[in-house]
Amino acid sequence: MSEHAVRHDLPVTGMSCAGCVSAVERAIAKTPGVSRAIVNLATQKATVVLDPDVATLDAVAASVARAGYGLILPEPGVADAEEKARRAEREDVRRRFLVALVAGTPVLVLGMTHGAVHVPGERWIELALTAVTVVFAGGSYYRRAWIAFTHRTADMNTLIALGTGAAFSYSLVATVAPRLVSTGHAHPPVNFEAAAGIIALVLLGKMLETGARAKTSAALRKLAHVQVRSARVIVDGVEQERELDAVRVGDVLAVRAGETVPLDGVVVLGSSAVDESLITGESMPAAKQPGDEVFGGTGNGGGAFRMRVTRVGADTVLQQVVRMVEEAQGGKAPVQRVADRVSAVFVPVVLAIAIATFAAWMIFGAPESRLATALVNAVAVLIIACPCAMGLATPTAILVATGRGAELGVLVKGGAVLEAAAGVDTVVFDKTGTLTAGRPAVVDVMAAGSHSEDEVRRLAAAAETGSRHPLGEAIVREASLKGLALPAAAGFEEIPGSGVVARIDGRLVLVGRGGWLADAGIDTSPLAASESSWTSNARTPVFVAADGELIGGLSVADPLRPGAREAVAALRALGCDVVLLTGDRRATAESIARSVGIDRVLADVLPGGKAEEILRLRAGGRRVAMVGDGVNDAPALASATVGIAVGTGSDVAIAASDMTLVGSDPRIVAEALRLSRRTLATVRQNLGWAFVYNVLGIPVAAGVLYPWTGWLLSPVVASGAMALSSVSVVLNSLRLRRFR
């Protein structure tokens, strides 16, 4: 096998049940050079991994065609080939349903009058109209059933073809040569209405199902089509319109008010508020200033700005979101594999039950109508048992949930992750960059004597302008946010581990540790109480002096992310234990833990030890979600039951995780777990409905209740119930779109 195996996600046409999925998977897997094939009924897509040196997409498509289905291959220059094919498929179903409706309705009316209304030559009229329905409206079911038979398999098409074919064939003989099936009647009963009605109702269910299923992928289509086609590139100060494919990393783009941001980048000029809800799930627009990151596909508000492009094409956050959602929807949850195994044996079992039903009614039925009754009941068993609902139960829920998750800023790597996340009972947070912002910021400013806080900020920032220390950068950012004009600094000198010295406006300014200033003969006692308070709350004190006099101090800390406290409370409300795991010293870790409401702290843990702590929790029977953002969190993320990476973190952490939070709001962790639990509950509801429907429906169709109640199930009613079961499963899954 080549080392450069390629993955393709290819749309499939013609599938209707779990049996169809199995048939397509087998056909693709048998193609030389294919190493992996997963087919999803809800998305109607096949995920194919192949060796391009051995296999071609044309060869895969030919294998699928031989199995009786279609594969939509990408066409150069055609962006919406799949959508066109899907529309054509829906139109074909609608057209065939209309044929069945027009031709089949008179048959149903005549058949259900039971002779009360006499129409000359009515049997021949029923025969002609039913033949039109069977051949033109239901022909595809017979073709696919035949192909399945030649491959020694059976699926939903087999059940429909056998049921309607048996009813039509018997009725044809009863009309053309009645003596062959007569049991004493000159005109034996016919069941044309069963054949015509079943095909019409199955097509109606298929039409409703495809329409509902189209809504399940609405979130992904919204993401995929939001990106603009062109951008205005600044060249020598002049705006030039270019196709998006021609834009390169480093180009400067102009974004006007009300436009969609073309690509990912950093604001270099101007300011605005950008609606990032499509990517992060945050409803409030995010303020953007020079230095802030913006994402392609987001909506610019009332301001105009210029941005430098940092990512293009498939590397943009939007396209990564689309790709991750597609990959998630293409996989199978473990619970789906159980349904697939059941479906694999379900059709043969149903065929056996139908044969037994036919035999029992031929033995025990009334002599004058035993053949017709036996046939009708066997057909009802075949039709009501079609496993459409069973095949749709899991993938439709996964499809809707992953799409809704993407809208809320949660990217999930597959149905298996959703299933695992639903059982999480312990959430472990890294500290830096997860519960905290990951970048030091000025938290407190205190002036001494008659000096002002702005004077403290201005002198400290002016002195730190030449420093690259994180504390110094935080002080400079604070002054910039306050809009303070900074005087030029002369004679700058940085004393490692102590502070900086600079001459500003003729004054000798010292900025640094209190002990260092005290050694220089400066009295820091006026801020001693503040220093003690800052230190006990995990904040770093920085003192400022000018010409030997203390003018004030600042405290710098890695501030809590907005919503960190609410995130912990929400997880506890879900019944989860919350743990803080960090490499920081215990005093700092415990201070942060107290601030957010976490009781258990694992501090002074080296990167390798984080994974060991996660494994220790799992060995104790805990199902652990690890939330982190840094390279040092990657082993722990990979070791957890579910790894959750903050999207603003490192690529390594995101690659090692199972879920990615596109934004940085830790409250989304609780929403991700709630979505997982709701999804698994929906899957169980769907499977429960599908199994109960078949378990109860098949005996009733076979006539088990007839001796006590006189009830028999008409094949037409059975086909309506079968169609309703599939539609109900899809509609139940669609409720996840309203998840809040």
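# A first look at strands and helices

Colleague: I'm new to this one, so let's start small: which residue in S21 stands opposite Asp444?

Modeller: Keep in mind that we're looking at a predicted model. Strand S21 covers residues 549–557, and S16 is joined to S21 by 6 bridges, with the two running antiparallel. Across from Asp444, the residue in S21 is Ser555.

Colleague: What is the order of the strands in the open sheet of 6 strands?

Modeller: The pairing in this open sheet is antiparallel, and its order reads S16-S21-S20-S19-S18-S17.

Colleague: Which are the edge strands there?

Modeller: Look for strands that pair on one side only. Those are the ones spanning 441–447 and 489–495, in other words S16 and S17.

Colleague: By how many degrees are neighbouring strands of this sheet turned against each other on average?

Modeller: This is an average over neighbours in the sheet, and direction is ignored. The turn comes to 20 degrees.

Colleague: Which helix packs on the sheet?

Modeller: Look at residues 528–536, which touch S16, S20 (540–546) and S21. The direction of this helix makes about 150 degrees with that of S20. Its name is H19.

Colleague: Over to the start of the chain: which strand is joined to S1 by 2 bridges?

Modeller: S1 (residues 6–13) has 6 bridges to S3 (residues 45–50), running antiparallel, and there Leu10 stands opposite Ala46. Another antiparallel partner covers residues 70–71, where Val12 faces Leu71. The strand with 2 bridges to S1 is S4.

Colleague: Now helices. Are H5 and H6 roughly parallel or oblique to each other?

Modeller: H5 (residues 139–150) packs against H6 (residues 156–176) at about 120 degrees, and the axes are 8 Å apart. Angles of 65 to 115 degrees would count as roughly perpendicular and those over 145 as roughly antiparallel. The angle here fits neither class, so H5 and H6 are oblique.

Colleague: How many charged residues are in the contact of H5 with H6?

Modeller: From H5 the contact takes in Tyr141, Tyr142, Arg144, Ala145 and Ala148. H6 brings residues including Met156, Asn157 and Ile160. Of the contact residues, 7 are nonpolar and 4 polar, while the number of charged ones is 1.

Colleague: And how does H6 run relative to H12: roughly parallel or roughly antiparallel?

Modeller: H12 spans residues 370–384, and its axis comes within 8 Å of that of H6, crossing at roughly 160 degrees. Angles over 145 degrees fall in one class, so H6 and H12 are roughly antiparallel.

Colleague: How many nonpolar residues does the contact of H6 with H12 have?

Modeller: Among the H6 residues are Leu159, Ala167 and Tyr170, and among those of H12 are Leu371, Leu375 and Val379. By class, this contact has no charged residues and 1 polar one, and the nonpolar count is 12.

Colleague: Last one: is Ala167 buried or exposed?

Modeller: Ala167 lies in helix H6, and it touches Asn191, Ala194, Ala195, Leu375 and Val379, leaving aside residues up to four places away in sequence. Ala378 is 211 residues away in sequence, but the C-alpha atoms of Ala167 and Ala378 are 9.6 Å apart. The relative accessible area of Ala167 is 2%, so Ala167 is buried.

Key: Residues are numbered from 1 along each chain as its sequence is written. This is a predicted model: local features need pLDDT of at least 70, side-chain atom pairs count only at pLDDT 80 or more; totals for chains, interfaces and linings use all residues. Side-chain values use heavy atoms; hydrogens and water are left out. Two strands pair if DSSP finds at least two bridges between them. Helices (H or I, at least four residues) and strands (E, at least two) are DSSP runs, numbered from the N terminus. Axes are lines fitted to C-alpha atoms, for helices over the stretch in contact, and angles run from 0 to 180 degrees between N-to-C directions. Contact means heavy atoms within 4.5 Å. Angles under 35 degrees count as roughly parallel, over 145 as roughly antiparallel, 65 to 115 as roughly perpendicular and the rest as oblique. Ala, Val, Leu, Ile, Met, Phe, Trp, Tyr, Cys and Pro count as nonpolar, Asp, Glu, Lys and Arg as charged, and the others, Gly among them, as polar. Buried means under 20% relative accessible area, exposed over 50%, partly exposed in between (1.4 Å probe, protein chains only).
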